[in-house]
Amino acid sequence: LRPNTRNMRWIRIVFLFLYLPVLAQTRTESMQVTDLTKIRSIGSIAVSPDGKQVVYVVTAIEPKGEEFNYINQLWLADLSGKTQPIQLTSKENAGQPAWSPDGKQIAFVRNVDNKPQIFLLPLIGGEAKQLTTHKFGAGNPQFSPDGKKILFASSIAYKDLLIDSLLNPGKQPPTWPSERPGYPTIHGASTQPDPNGNIDQIRAYLDKNNTEGKARVIHRLNFQDEMNINPDLSFNHYFQIDLTPDAKPQPLTRGFFRFSNATYTPSGEILLIGQIDSLNHPDRSRGNQVYRIGTDGKWNTLLNESETQYSGLRVSPSSKFLAYLKSPEDGLQIPELCVAPLNEPRSIKTFPFDRNKNNLRWSADEKSIYFTAQSNGAAPIYRLDINTQKIVPLTNNDAGISQLEVLPKHLVYVRTDIHSPFEIHRSDASGELTQPITQLNTDWIRQKRISLPEKHIFYNELNQPIEYWVMKPIGYEPGKKYPLLLEIHGGPSSMWGPGEASMWHEYQYFCSQGYGVVYSNPRGSGGYGLDFLKSNKNDWGTGPTRDVLKALELTIQEGWADTTKLLVTGGSYAGYLVAWIIAHDQRFAAACSQRGVYDLNTFFGEGNAWRLVPNYFGGYPWQESSRSILQRESPINYVENIKTPYIIFHGDNDRRTGFVQSEMLYRSLKVLGRPVEYVRHPNATHEITRSGVNRQRIDQMLRTYEFFERWIQTK
């Protein structure tokens, strides 16, 4: 007998009001900056074949002297919730779990000699045993449906691929044109390096210098990774290994091509996405194709539309249908959700839904597809009815779902909300009757005084709905005035809301310090459809500024903000927008930019996210049609107007946006004699505040707070 859904909701509401006084009494502690090290996050999850257990990766932060180290371990939980979760691994980091079809063992990945390798952990007891010793490493394991093999991926460097006879039969160079015209691809192995020898010996000498790190020769288009200059190509290939003693991995893919998203079908075939373009260098060819490898080893091309990117392959339980996402190679797009019969892949059915979709999952009866999607400040679970084409949300708009597994009668997922950044929940197939499975963060957060966001909306001059959230300071008292911090998100296509885990601690920390916080999703944000996403093209500054400042002004109208103590901060694109705002508006007492973009011409050259320039501004720095736009939209060109006290952060190894622009901005302000401070974090990348060195994460937050306090003098 199913409980009445409406009655259940009223019961929850009544329970909440009864529980709130108790909750208020137990929340006695203020949020501390070091509380960010208490947050345990959940990575990948995998449900057992019988649907009774879930294995998941927990990332914890453990103190070691004055440092705080990340550690990843596997945990196992009973989905009935009747027993406490148990930790399966310890000591060395572990991740990427996969169940065997019989549910008796789990494959996972652990580093050995600085390379990932696959281990097998029996659930009847005993230690994990190493399965692979692959020279290229092994990751993302999957058991074959009969449980006799494991499929895994390896990343192979270009120089290794050149000389590997299995992956490159004949040891021939790639057929696509060299990005180093005129230079021989392969030299004779017997050629001796000699700086005074013939041309082959000189080339061998120069290659030796390159190999030994005396020079780095760059001839790629995409020559920056997240941390450094990276002149080397690498290729993702797939292998199978039998689960028998002394088995050797057998390659499934070969050549100078990149493969991804490989998965077994229930019938034992393998589907994967490949970048098969022999005419263009991989940096220049972003399209791909979908292939099927039969149980006989033969390849068939399933999908190969030109200039198309495929992703998210998901086979139905009977192997009859394939669900996937597709989008054009370039530009600002939202991928389409498609379904096709596996044996008639050209009979494609597309299901319109104007949000970015993730975690495609089939229902057991193949009548529905479940997925998650960022939308209006949340990331709900949605269900598509294939026959009616109707898509409905199953979870509410105050939480974010980051992982999802679908069982015949239940959903299992990772949920982030204002009360806890990461917990596994179980619900029925309609998203009702939810039950928490883990208590990783809930218990310690229950002792903390937290600020609950209040959602608001206004319409901008384009008649677009702009959603924003207001968080009052901890200990708020009507009639008093408080500093107000405007937080801005990056991307520019990111989206914030109560389901955003990465900002959970920062918001609560500043609220605990007596600040109010307001954040919004201005034009150009994700989660509001394609037209909204594109509405900041050729307008990174003026339009988004109007939106975030309007959210600030509406919050001020509530009457509790001290307008002499307004503050603003943001990172990446938001670092850009902070610079733009204080160059055009003088209302802020202090400002902070983190890892920002300040000169679009320079960003095009030094950032690995350089494609944002043509995608948003329609061209390149040397083209007349875009040159004036890039100049108009670059904050550095308004630097003389910046008078607000300003702290600028950047990581030494940030190659996503590059760091030269921040040096330019700082030096310009210093020459102008403006109140500016510049902080560089050694070895830090663009991810410093999300997954960086924890001592640096703490340092950046404290320096921001200390700088603000200098200029508002609340203490």
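In the predicted model, the side chain of Y638 reaches the backbone oxygen of R632 at 2.6 Å. Y638 is found in the loop between helix α11 (624–632) and strand β35 (646–651), and R632 is also among the residues in contact with Y638 once neighbours within four places in sequence are left aside, the others being W580, A583 and H584. The loop position is likewise brought towards a distant part of the chain, in that Y638 and I582 are 56 residues apart in sequence and 9.5 Å apart in space, C-alpha to C-alpha.

A second loop residue, D539, is found between α6 (530–534) and α7 (542–556). The side chain of D539 reaches the backbone nitrogen of T542 at 3.2 Å, T542 being the residue at which the range of α7 begins. D539 counts as buried because its relative accessibility is 16%, below the limit of 20% that defines this class. Not counting residues up to four places away in sequence, D539 touches R523, P544, F617 and E633. D539 and Y616, which are 77 residues apart in sequence, lie 8.3 Å apart in space, C-alpha to C-alpha.

Among the sheets of the model, one open sheet is formed by 4 strands in the order β21-β22-β23-β24, with antiparallel pairing. The strands β21 (357–362) and β24 (391–393) stand at the edges and have a single partner strand each, so that one side of each is left without a neighbour in the sheet. Neighbouring strands of this sheet are turned against each other by 25° on average, direction ignored. Within the sheet, strand β22 (residues 368–373) and strand β23 (residues 381–385) pair in the antiparallel sense over 5 bridges, and S368 stands opposite D385 in β23.

R383 lies in strand β23 and, with a relative accessibility of 24%, counts as partly exposed. The contacts of R383, leaving aside its neighbours within four places in sequence, include S368, I369 and Y370 as well as K390, I391, V392 and L394, and they extend to A429 and S430. With A429 there is in addition a polar approach, in which the side chain of R383 reaches the backbone oxygen of A429 at 3.3 Å. By contrast, R383 and L440, which are 57 residues apart in sequence, are 28 Å apart in space, C-alpha to C-alpha.

The loop between β22 and β23 contains S375, which is buried, with a relative accessible area of 8%. The side chains of S375 and R355 are joined by a polar contact of 3.0 Å. Leaving aside its neighbours within four places in sequence, S375 is in contact with R355, P380 and Y382, and also with M495 and G527.

A further open sheet comprises 4 strands in the order β25-β26-β27-β28, and here too the pairing is antiparallel. Its edges are held by β25 (400–406) and β28 (435–436), each of which has a single partner strand, so that one side of each is left without a neighbour in the sheet. The pairing of strand β27 (residues 420–428) with β28 is antiparallel and runs over 2 bridges, with H425 standing opposite P436 in β28.

Earlier in the chain, strand β17 (residues 308–315) and strand β18 (residues 321–328) pair in the antiparallel sense over 6 bridges. The bridge partner of Q309 in β18 is S327. The two strands β17 and β18 form a hairpin with 5 residues between them, and S319 in the turn has a positive phi of about 70°.

The internal space of the model was also examined. The structure holds 5 cavities of 30 Å³ or more, and the largest cavity has a volume of about 60 Å³. The lining of this largest cavity is made up of I418, P453, M471, G497, P498, E500, W504, Y507, Q508 and Y519. Helix α5 (residues 504–512) gives the most to this lining, with 3 residues.

Methods. Residues are numbered from 1 along each chain as its sequence is written. This is a predicted model: local features need pLDDT of at least 70, side-chain atom pairs count only at pLDDT 80 or more; totals for chains, interfaces and linings use all residues. Side-chain values use heavy atoms; hydrogens and water are left out. Two strands pair if DSSP finds at least two bridges between them. Axes are lines fitted to C-alpha atoms, for helices over the stretch in contact, and angles run from 0 to 180 degrees between N-to-C directions. Buried means under 20% relative accessible area, exposed over 50%, partly exposed in between (1.4 Å probe, protein chains only). Contact means heavy atoms within 4.5 Å. A polar contact is a pair of N or O atoms within 3.5 Å; within protein, one must be able to donate a hydrogen and the other to accept it, and residues adjacent in sequence count only if both atoms are side-chain atoms. On a 1 Å grid over the protein atoms alone, a cavity is a set of points where a 1.4 Å probe fits but cannot get out, and a pocket is an open set with protein on both sides within 12 Å along at least five of seven lines; lining residues have an atom within 4 Å of a point. Grid points are joined across faces, edges and corners, and a volume is the space filled by probe spheres set on the points.
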